[in-house]
Amino acid sequence: MSSTGYVALALGGWLMGTALGAQTCGQEWLVRYLAARDTRLEDRLARQQERLDSAMEASGGTFAPRAGVVIPVVFHVVWRTPEENLSDEVILALLEAMNRDFAGQNEDLWRVPEVFRSRIASGGIQFCLAGQDPSGNPSIGIIRVRTDWKEVGLSEALYHTQAGGSDARDPERYLNIWIADTGEFICGFGTYPGLVPVERQGIVVDPDCLRPAGQSGKVRHRTLVHEAGHYLGLRHVWEDNEDCTTDDGVADTPLQQHPYYGCPTHPQSSCGSDDMFMNFMDYVDDSCMVMFSRGQMERMCMSVELFRPRLGTGVEVCLAPSGQWQKRRPFEVFPNPAKGWIVLSFEDRSVVAGVLQLFDASGRCVWRRKGAWGGALRIDLPELSPGVYVITWNETARLLVVAGD
Ligand SMILES: [Zn+2]
């Protein structure tokens, strides 16, 4: 099958029915595209949503997710032009911002009107970078592939290293995120559990929708957050139907008739109630979507339990961009970013023997020391080029960013 044959042809018809001024979420398009080729797909998705609904109902609102689901992520940067090849620093910033949003710790929560404040989700799911490659060597979970395909993000080739894309890492245990050109109309898509074959499960995002823009210089990470919501089983808050009879299956998001664009002011009403348009699962601007509801977070956690039970079970080596939410913290590194020297602070005050190693982004060991430590240890770093490194202490690992001048 040719690369463009996979999906690009289906775009035209879908766009005609959509009021699009800019790039947006491709979820509806993907479902329609796939459903036209697989007559049983819609039935299957409906059954899955029913399973999720009845599991939520059975829990009676008391569902307690596994304490802290931390999902290991592998980023595949499949780039054609240099601007598409987002740097390690940008990707780390994206992941940190995503974690703040999922933890309800984003600084723009002031946009949530009083009436919805008590519904803000405050934790349940977090993300970290895969800390090992498939052979067990240290890695930072970012794979880079140069491709010749234009709009590779909409192509079959994306999922095959041999065809100029990048093979998924075990999708039952990792969330695969492909950063790849998806053309001028789509910002990305996240696949509901069961929507696509296992090797295509994950998230695809156009780098144009993530790159820092404007004066702030901050990364724009909300496409990732929105698509992660789909990947974890969430539907749009208006649920793709404008007659007020369909619901997103979440009790604490009000019934809504249509999506919102831009940055509306509260209140906006439809279907007889005020709309939660500042929700991550609406279509407003990045800077104006700021919350998941508690019900949505419960649904995402339940969807992991039901459909992706091996995700986030904690057996993978995981690198946290910021360590605050991690349960097990045998050591911390500071300052981070660092230059010239670092201090390792060990949780265990008693002295423990082991090996400290430092690996560069390609997995090459650049520094190694054997010894016994407890408390704190200052290390003078060797001459290192700026970038992202992994520092390991026996079985655990941390990310270290080495700053430039
Ligand atoms: Zn969407």
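Start by selecting histidine 160: it has 15 C-beta neighbours inside 10 Å, so it counts as partly exposed. Burial would take 20 or more such neighbours, and 12 or fewer would make a residue exposed. Keep in mind that you're looking at a predicted model.

Stay on histidine 160 and show the backbone around it. You're in a loop here, with strand E4 (142-146) on one side and strand E5 (175-179) on the other. Now bring up what this histidine touches: leaving out residues up to four places away in sequence, you should get Gly165 and Asp167.

Next, add glutamate 199 to the selection and draw a C-alpha to C-alpha distance from histidine 160. The two sit 39 residues apart in sequence, and the distance comes to 9.2 Å.

Now jump to residues 222-231, which make up helix H6. Is this helix mostly covered or mostly open? Mostly covered: ten of its ten residues are buried. Click along and you'll pass charged and aromatic names as well as small ones, including Arg222, Glu227, Ala228, Gly229 and Tyr231, each of them buried. Two histidines, His226 and His230, are on the buried list too.

Carry on past the end of H6 and pick glycine 233. Check its backbone torsions: phi is positive here, near 95°.

Finally, zoom out to the whole protein chain and colour by secondary structure. How many helices and strands are there? Seven helices and 17 strands. Switch to colouring by burial, and 40% of the 405 residues count as buried. If you plot a contact map, look at contacts with a separation of 6 or more: residues 24 or more positions apart account for 66% of them.

Terms used
Residues numbered from 1 in each chain as written. Predicted model: local features only at pLDDT ≥ 70, side-chain atom pairs only at ≥ 80, totals over all residues. Helix = DSSP H or I, 4+ residues; strand = E, 2+ residues; numbered from the N terminus. Contact = placed C-beta atoms within 7 Å.
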